[in-house]
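Work through these short exercises with the model open. Try each task before reading its solution.

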Amino acid sequence: MEPALHYGRRLAELEHLFRGGGLDEASAREREEAGLAYGELLGEIGAYARSSEIVEEVLKSVRDRHRPAVELRGYLAAFIACYRRGEFRKAQQLYDPIGKLVAVAKDPRWKRDFDLACLEWFLCQKDRTRAGELLKQLERETGPEPGREGWQRRQGILALRAAEGTEEAEKRADRLEAMLGGGAAGPREGSPDPGPAPLAWPAEAALARYRLAAGEKERGLRHLDRAYGELRALAGSLPFRLLDVFWGAPDRGWVRDQYFALSTSREEWHRRLAALERIYEIVSEINRRRELKPLLELLVDRALELSGAGRGFVVC
């Protein structure tokens, strides 16, 4: 499992393998799996259009072969990308094909993945009735499972979202807070790599939103600080070109805006935002350097710029 701050590196590695890097070492099957992981990660970051292109490319490559696991994983990634960007009609078109593949899948974990995706889809459409029915079904079918805390946490986030404005919301929030001490989900069978460990920020953000709306400012700010801290580390590892889509996702944008609005004055907000944008530019500049000497010179120059120091040097 990789920590969140390595997402940028993970993207580069998966793209390199998918595009034929290490041709002698990587089989066609490994490239397909790398392509799916690459598309899924782009979707998680918020680059939904690019994610859909990569997944479609993988699906085309296996269309004439019998690769149901690849098709299922690809269709599920495309389904999630569609409803998260508001393309509900396209998501509906994928619903039946995914359901048929899930019905014959040997691994029951696919059904759990599909059920959670459908729960989020219903909530995105504000269909509280279908969401409530599916949530009850999930709660009847599943209980605490060692090694499956990532699934349980995601279900807890969606359950809190479904309970907004009801008496059940407080219980859901307390339950989700208790879950945050859990571990990571186990890797799915057939995946090329377990990838990054489940992130805490979605749960922290959901709890911050709920606690702040309920007037519990101190508790809300604690969750907000933790959510923003993890998101900032993740953003710092990403290529500069992906930062707009990353922060453009509604939940992440809400965390950033609320963090600055509640913890700083307007002038301080602008100052910090300008400093953050400058850091992103520097990270992008560093990532383009390949030779050691120019890289070290750049690091010292930018460190002086950010710190305001008059001079500095690298000790090896």
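**Exercise 1. Find the helices in which confidence is lowest and highest.**

Solution. Start with the mean pLDDT, the predictor's confidence in each residue, from 0 to 100. Helices here are DSSP runs (H or I, at least four residues), numbered from the N terminus. In the protein chain, the lowest mean is 76, in helix H14 (residues 266–287), and the highest is 95, in helix H10 (residues 201–213). Next, take the chain: its average is 83, and 85% of the residues score at least 70. Then look at residues 182–196, where pLDDT is below 50; the model gives this stretch 45 contacts (heavy atoms within 4.5 Å) beyond near neighbours in sequence. Where pLDDT is low, predicted coordinates should not be read in detail.

This is a predicted model: local features need pLDDT of at least 70, side-chain atom pairs count only at pLDDT 80 or more, and totals for chains, interfaces and linings use all residues. Residues are numbered from 1 along each chain as its sequence is written, and side-chain values use heavy atoms, without hydrogens or water.

**Exercise 2. Check the span of helix H6 (residues 109–124).**

Solution. The expected span is 1.5 Å times one less than the number of residues. For the 16 residues of H6 that gives 22 Å. The end C-alpha atoms are 23 Å apart, which agrees. Now check cover: 14 of the 16 residues of H6 are buried (under 20% relative accessible area, 1.4 Å probe, protein chains only). Lys126 follows H6, with a positive phi near 60°.

**Exercise 3. Is Leu296 buried or partly exposed?**

Solution. Locate Leu296 in helix H15 (residues 292–307). Its relative accessible area is 31%. Partly exposed lies between 20% and 50%, so Leu296 is partly exposed.

Methods
Helices (H or I, at least four residues) and strands (E, at least two) are DSSP runs, numbered from the N terminus.
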